[in-house]
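Colleague: Please take a close look at one part of this model for me, the C-terminal end of the chain, and then follow the thread from there to whatever else you can tell me.

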Amino acid sequence: MTTTVTPPDAPPPGASPASKSKRPRLPKSARAGGQLHGGPIAYAVLIVFTIVSLFPLVWTAIAASRDNQRLAQTPPPFWFGSGLFDKLEIAWKDANLGEAFFNTTIVAGTSALTIVFLSTIAGFAFAKLRFRGRGALMLIVIGTMMVPPQLSVIPLYMMVAKLDWTDQLQAVIFPSLVSAFGVFFMRQYLIQALPDEIIEAARVDGASSWRVVWHVVFPAARPAMAVLGMLTFVQTWNDFMWPFLVLTQMGNPTVQVAVAGLGRGYTPDQSLIMAGALLGTLPLLLVFAIFGKQIVGGIMQGAVKG
């Protein structure tokens, strides 16, 4: 007795070949492994959003290449002038941006490293460890996010003055070593991305708590750590209010403090201010151009694993 195996895509017995051709065929982009392609409307929307996003940066460069008289005219200029590089050179020297870049890199890099490290450990404790008062402590951490930062300026400045840290970088570094948002962010990520079974298996193998953190938690949290590090670095680089209160332009300025000293006078030089702002933005663009692909890839990897 012979058994006939019917292929999955074969028409049922007795069906005509024409019925097979009438089956709806899925488009190539909807099949398994196919690549999705946007239509013309999607591309048009993306182009509009790209232009709107790039316009402030382009306008800053255009304004930096003009003078006050031309910027005051109507309509304003929409193309570059001939004085861009001259203005950039003057802004670099007048604002002492070389030292400001060095100081800001130290402040932003230290804050990013410590916040990522401490937030990952604290987030793991709140997400996976069981201890008394865990919920109350987490509520306190979230509650600190509700307090406006302006309320802490006066007591924080009094502490810095008492420690004689004014016009020193530690006055900016120490208040930004921890972040309630970072703890909450890492906790929410690790709840989904780190299964309890992996932690239990590591403990069965005899791993200590620190070994679990180093070999299990950090690899699982790497995508979120990259995102948190980038957000912290950008926020610290762009921070203005607190550095402006405790630092001076002639002492140890950060980029924002140095740029704030440009164009002072009876009639501020707007193009010089724009040139300083452009120089202060370029390092962030360079960092994102170098590490942006790794960060986006880490986010997608974490989304798939989660």
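**From the C-terminal end inwards**

Modeller: Ala258 has its place in helix 14 (residues 255–260). Keep in mind that what we have here is a predicted model. Ala258 counts as buried because its relative accessible area is 0%, and the cut-off for buried is under 20%. Go back 10 residues along the chain and you reach Thr248, whose C-alpha atom is 8.1 Å from that of Ala258.

Then there's helix 13, which spans residues 241–246. Leu245 is found in this helix, and its relative accessibility is 39%, so Leu245 counts as partly exposed. Leu245 also belongs to a nonpolar patch on the surface, together with Tyr157, Phe240, Met241 and Phe244. Together these residues offer about 440 Å² of accessible area. Helix 13 gives the patch its largest share, 3 residues.

Helix 13 turns up again in the lining of the largest pocket, where it supplies at least two residues. So do helix 5, helix 6 (134–145), helix 7 (153–162), helix 9 (180–193) and helix 12. The space in that pocket comes to about 1,200 Å³. Its lining is made of 33 residues, and those closest to the centre are Pro149, Pro175, Ser176, Val178 and Gln235.

Two of the helices from that lining, helix 5 and helix 12, are worth following into the aromatic side of the story. The model has 10 aromatic pairs. One of them is Phe101 with Trp237, a stacked pair with the ring centres 6.0 Å apart and 25° between the planes. It counts as stacked because planes under 30 degrees apart are put in that class. This pair links distant parts of the chain: Phe101 belongs to helix 5 (residues 97–128) and Trp237 to helix 12 (residues 222–238), with their positions 136 residues apart. Both Phe101 and Trp237 are buried. The two also share an aromatic cluster with Trp92 and Phe233.

Helix 5 has a charged contact to show as well. There are 2 salt bridges in the structure, and one of them joins Asp196 to Lys128, with 3.0 Å between the closest N and O atoms. Here again distant parts of the chain are linked, since Asp196 lies in helix 10 (residues 196–204) and Lys128 in helix 5, 68 residues apart. How does each partner rank for accessibility, buried or partly exposed? Lys128 is at 15% relative accessibility, so this residue counts as buried. Asp196 is at 35% and therefore counts as partly exposed.

The other bridge is a local affair: Lys93 pairs with Glu89, and their closest N and O atoms are 3.3 Å apart. Lys93 and Glu89 are 4 residues apart in helix 4 (residues 84–94), which means about one helical turn separates them. Lys93 counts as exposed because its relative accessibility is 59%, while Glu89, with a relative accessible area of 43%, is partly exposed.

Methods:
Residues numbered from 1 in each chain as written. Predicted model: local features only at pLDDT ≥ 70, side-chain atom pairs only at ≥ 80, totals over all residues. Heavy atoms only, no water. Phe/Tyr/Trp six-rings, centres within 6.5 Å; stacked < 30°, edge-to-face > 60°. Buried < 20%, exposed > 50% of the residue type's maximum accessible area, 1.4 Å probe, protein only. Patch = residues over 30% accessible without salt bridge, like charges linked within 9 Å, V, L, I, M, F, W, Y side chains within 5 Å. Areas by Shrake-Rupley, 256 points an atom, 1.4 Å probe, with all protein chains shown as cover. Salt bridge = Lys/Arg side-chain N within 4 Å of Asp/Glu carboxyl O. 1 Å grid on protein atoms, 1.4 Å probe; cavity = no way out; pocket = protein on both sides within 12 Å on 5 of 7 lines; lining within 4 Å. Points joined across faces, edges and corners; volume = space filled by probe spheres on them.
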